[in-house]
Amino acid sequence: MAHARRRRRKTKSRSAARTAKRASAGRAPARRRPAARTAATHAPVGAAPAPRQSGARTTRRINIAIPRPSRAETLLLTLAKDLAGAPLDRALRAIADAFAPGAELPREVFNAWIKARHEKTASLALSWAREQLRLSLEETITRSPKGRPTLGLAPDALAWLLLAACEAIAHEPPSAVADRVRTVLELSRHAAASG
């Protein structure tokens with residue numbers, strides 16, 4: 001067994017010598033230069049880490065597609081814009097007409113809510129458009145001449161209540177619309193001024 005080990009050692013040394021002779025007889029391989037280091041690999045203890053080189057990593061560009069506003073959003077925002085500067089009674093009549101049975105706005109809002117149930121972005125966009133209408137109505141209430149106190153409500157709460165009442169008109173029979181609009185105007189304490 002010792003004889004076998006000796007033989008293997010001799011074979012290894014002979015093959016290594018042959019490889020060395022072949023390499024020296026041919027062209028010598030080119031030496032590889034080490035890459036230049038741009039920053040120290042180890043920072044001192046307690047020191048902040050060295051900033052990364054700008055060319056070391058490329059950032060992937062993310063394309064964000066902004067969805068087009070729905071028809072309901074457009075109608076709500078247009079109505080909110082039209083209320084700016086209008087007297088409260090005229091603003092309430094405009095909102096009530098926009099939410100009348102058979103009008104375009106209630107149908108579009110309903111369809112938009114159905115489509116936006118599982119899309120957070122679309123749902124937030126629709127809620128934001130409705131909030132703009134409520135804020136426009138609130139500004140109109142704040143600017144209107146002070147009449148009798150309405151249930152002791154602040155302008156923001158009154159605007160929410162009046163908008164909800166106007167939205168509910170869409171579910172009323174057409175014969176009851178005039179009565180509901182009168183109720184909304186009375187609730188706002190401007191029924192006497194409007195007629």
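**Figure 1. Helix H4 and the second largest pocket.** In this predicted model, H4 gives the most to the lining of the second largest pocket, contributing four residues. H4 shares the task with H5 and helix H6 (155-168), and each of these three helices supplies at least two lining residues. The pocket itself has a volume of about 270 Å³. If you would like to find its centre, look for Pro106, Val109, Glu167, Ala170 and His171, the closest to that point of the 16 residues in the lining. Sorted by class, the lining holds 12 nonpolar residues, together with two polar and two charged ones.

**Figure 2. The largest pocket.** Here the view moves to the largest pocket, which holds about 320 Å³ of space. It is lined by 17 residues, and those closest to its centre are Arg68, Pro69, Ser70, Glu73 and Ala122. Three elements give two or more residues to this lining: helix H2 (71-83), helix H4 (104-115) and helix H5 (120-143). What is the lining made of, by class? Eight of its residues are nonpolar, three are polar and six are charged.

**Figure 3. Helices along the protein chain.** Stepping back from the pockets, we can follow the fold from one end to the other. The protein chain has eight helices and zero strands, so the pattern read along the sequence is α-α-α-α-α-α-α-α. Among the contacts with a separation of 6 or more, 70% join residues that are 24 or more positions apart.

**Figure 4. Surface and interior.** How much of the protein chain is buried? Of its 195 residues, 24% fall into the buried class. On the outside, the protein chain exposes about 15400 Å², and carbon and sulfur atoms supply 55% of that area.

**Figure 5. Confidence from helix H2 to helix H8.** Averaged over the protein chain, pLDDT is 78, and 65% of the residues score at least 70. Which elements mark the two ends of the range in mean pLDDT? H2 has the highest value, 94, while helix H8 (residues 191-194) has the lowest, 45. H2 will be familiar from Figure 2, as one of the elements that line the largest pocket. Over residues 191-195, pLDDT stays under 50, and the model has five contacts beyond four places in sequence for this stretch. A friendly word of caution fits here: where pLDDT is low, the predicted coordinates should not be read in detail.

Note on methods. Residues are numbered from 1 along each chain as its sequence is written. This is a predicted model: local features need pLDDT of at least 70, side-chain atom pairs count only at pLDDT 80 or more; totals for chains, interfaces and linings use all residues. Side-chain values use heavy atoms; hydrogens and water are left out. On a 1 Å grid over the protein atoms alone, a cavity is a set of points where a 1.4 Å probe fits but cannot get out, and a pocket is an open set with protein on both sides within 12 Å along at least five of seven lines; lining residues have an atom within 4 Å of a point. Grid points are joined across faces, edges and corners, and a volume is the space filled by probe spheres set on the points. Ala, Val, Leu, Ile, Met, Phe, Trp, Tyr, Cys and Pro count as nonpolar, Asp, Glu, Lys and Arg as charged, and the others, Gly among them, as polar. Buried means under 20% relative accessible area, exposed over 50%, partly exposed in between (1.4 Å probe, protein chains only). Contact means heavy atoms within 4.5 Å. Accessible areas come from the Shrake-Rupley method with a 1.4 Å probe; for residues, only the protein chains shown count as cover. pLDDT is the predictor's confidence in each residue, from 0 to 100.
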